[in-house]
Amino acid sequence: MSSGHTANGCLSGWLLTTLGIMISDAHSSAPVRVGLLGCGNVGGALAALLAEGGDGLFARTGLRLELTRVAVRNTAKSRGPDVPEHLLTNDAASVVAADDVDVVVELIGGIEPARSLILDALKAGKPVVTANKELVADLGDELFQAAGAAGVDLLFEAAVAGGIPIMRPLRESLAGERLTRIMGIVNGTTNYILTKMEAGEAYGEALAEAQSLGFAERDPTADVEGFDAAAKAAIIATLAFGQKVVSGDVAREGISSLTPADFAFARRMGFVIKLLAVVERHEDESVSARVHPSLVPLDHPLASVRDSFNAVFVEGEAVGELMFFGRGAGGRPTASAVLGDLLDAAHSLRGGAPGRLPQPGRARIRAFEEMASPYYVSLLVNDEPGVLATVAGVFGRHGVSIRSMEQEGAPGGDARIDFITHTATERDVQATLAELRELEVVDAIGGLIRVVA
Ligand SMILES: NC(=O)c1ccc[n+]([C@@H]2O[C@H](COP(=O)([O-])OP(=O)(O)OC[C@H]3O[C@@H](n4cnc5c(N)ncnc54)[C@H](OP(=O)(O)O)[C@@H]3O)[C@@H](O)[C@H]2O)c1
């Protein structure tokens, strides 16, 4: 009797367990339904990854994702076999509101209507994945608050450095780390142009080549003047330091005034020139964020990042130095980062907790004039006795000490003098340049580039 009872107990336990497994299997294998806003470079590649994913994705993650609706501007344009026509609409709001959409992916870009669509999705309790750097950099606060209030995920891994996973490490793996400085090559277009200039091409030639290959826009301003990198620097600083930094806080200088002579000098002195986004947390907890060309020593890991590749170099007090390297743009690499976010959001929907979002206070931004680094300064001067001493005297008067110097003849009876200084503040260096400009023997300031120390 008692053993029968035990046998029955075992049987019913087995049944319950089996039933439980079946129920939980049925639950986890029910697809998470994805509403896609925008089906261009990244959206189209994401649709392909979802179609390819299928059982393999389920085996790896225990999650199924199903594309149920797709908003585009032009529904007449064919989107290929991964996006059946019946999924398409040009009414993006209807995708957000649809009952058969559990997660919204915003890949339209720009501020509006992307902002309103994301806010509506979050208010409706739907997690959102976006790759929109402009929006996250400048209106992230509003979006983070809406996601926090709704208790759902807002994920944006692809907004910085495309396919490179850097947002999640900053937000999660390195959450306990006191990060001090992050330097990134976060714009593939400018890195491609700089790689060509390093090989001897002039700026205009390298830009034209990047445009013909589709790396650079017809209007390349956002890339070459550093606006794109500045938006990414703001996002990185906000996540890394837990203090809100927006694009307007980022001091910015582009690559369009770099000359072949700058590259030749860099080569001779053992540097390469890179457009770096640099964010730093100082001892007084103020934050600085800047984008500008930088001389990177050849033995620094960032020096080997060439062509359109991106990399983010992270420095922390306990972890030391880390570098993340990979494709910073392109449909498939970017879609891969979006898919990672989608799986995270789907996991939260299936019972996991939503990821932590920054709710930071405004950062205290350190004035750019206070920034300190070694500098490369290039001058065109009259080629006559005593000029070097006069020029060196100006540096000395402003407390800018010279580490190395090189002089060579230049056309028209001029000489070009290239200096590398010891660490100096931007204020002192600018004061030096202002006084040098007033000197009759100085014909032009040829270049000013910060040096990575
Ligand atoms: N491309 C990259 O390598 C890359 C890398 C990192 C991040 N991102 C970011 O990813 C996002 C998407 O970039 P992308 O290169 O895929 O852009 P894209 O190729 O220009 O695609 C934009 C898509 O949005 C659709 N669209 C535009 N306005 C719309 C509206 N009002 N309603 C519905 N759909 C609308 C367009 O429809 P039509 O097709 O009908 O015109 C198109 O399908 C942007 O935020 C971008 O900054 C891109």
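Me: A crossing of two helices counts as left-handed if the near helix is turned anticlockwise from the far one by less than a right angle, and as right-handed if it is turned clockwise. With that in mind, what is the handedness of the crossing of α4 and α5?

Reply: The model shown here is predicted. In it, helix α4, which spans residues 114-123, packs against α5 at an angle of about 15°, with the two axes 9 Å apart. Because angles under 35 degrees count as roughly parallel, that makes α4 roughly parallel to α5. As for its hand, the crossing of α4 and α5 is right-handed.

Me: Are α5 and α10 parallel or oblique to each other?

Reply: Helix α5 covers residues 133-150 and helix α10 covers residues 227-241, and their axes lie 9 Å apart at an angle of about 50°. The crossing that these two helices, α5 and α10, make is left-handed. From the angle it follows that α5 and α10 are therefore oblique.

Me: What is the handedness of the crossing of α2 and α12?

Reply: Helix α2 takes in residues 41-61 and helix α12 takes in residues 331-349, and the two pack at an angle of about 50° with their axes 9 Å apart. The pair α2 and α12 is therefore oblique. The crossing of α2 and α12 is right-handed.

Me: Which loop holds Pro113?

Reply: The peptide bond that leads from Glu112 to Pro113 is cis, and its omega is near 5°. As to where this proline sits, Pro113 belongs to the loop that runs between β4 (103-106) and α4.

Me: What is the phi of Ala161, which is not a glycine?

Reply: Ala161 is placed in the loop between β6 (154-155) and α6 (167-173). Although Ala161 is not a glycine, its phi is positive, at about 60°.

Me: How many charged residues are in the shell around the ligand?

Reply: The ligand is surrounded by 22 residues, and the closest of these are Cys39, Val42, Asn74, Arg79 and Gly330. Sorted by class, the shell contains ten nonpolar and eight polar residues, and its charged residues number four.

Me: What share of the area that the ligand exposes when taken alone is buried by the protein?

Reply: Several atoms of the protein come up to oxygen atoms of the ligand: a backbone N or O atom of Gly40 lies 3.1 Å from one, and a backbone N or O atom of Asn74 lies 2.7 Å from one. A side chain takes part as well, since an N or O atom in that of Lys133 is 3.2 Å from an oxygen atom of the ligand. Taken alone the ligand exposes 910 Å², and the share of this that the protein buries is 77%.

Methods:
Residues are numbered from 1 along each chain as its sequence is written. This is a predicted model: local features need pLDDT of at least 70, side-chain atom pairs count only at pLDDT 80 or more; totals for chains, interfaces and linings use all residues. Side-chain values use heavy atoms; hydrogens and water are left out. A residue is near a molecule or strand if one of its heavy atoms lies within 4 Å of it. A polar contact is a pair of N or O atoms within 3.5 Å; within protein, one must be able to donate a hydrogen and the other to accept it, and residues adjacent in sequence count only if both atoms are side-chain atoms. Accessible areas come from the Shrake-Rupley method with a 1.4 Å probe; for residues, only the protein chains shown count as cover. Ala, Val, Leu, Ile, Met, Phe, Trp, Tyr, Cys and Pro count as nonpolar, Asp, Glu, Lys and Arg as charged, and the others, Gly among them, as polar. Axes are lines fitted to C-alpha atoms, for helices over the stretch in contact, and angles run from 0 to 180 degrees between N-to-C directions. Helices (H or I, at least four residues) and strands (E, at least two) are DSSP runs, numbered from the N terminus. Angles under 35 degrees count as roughly parallel, over 145 as roughly antiparallel, 65 to 115 as roughly perpendicular and the rest as oblique.
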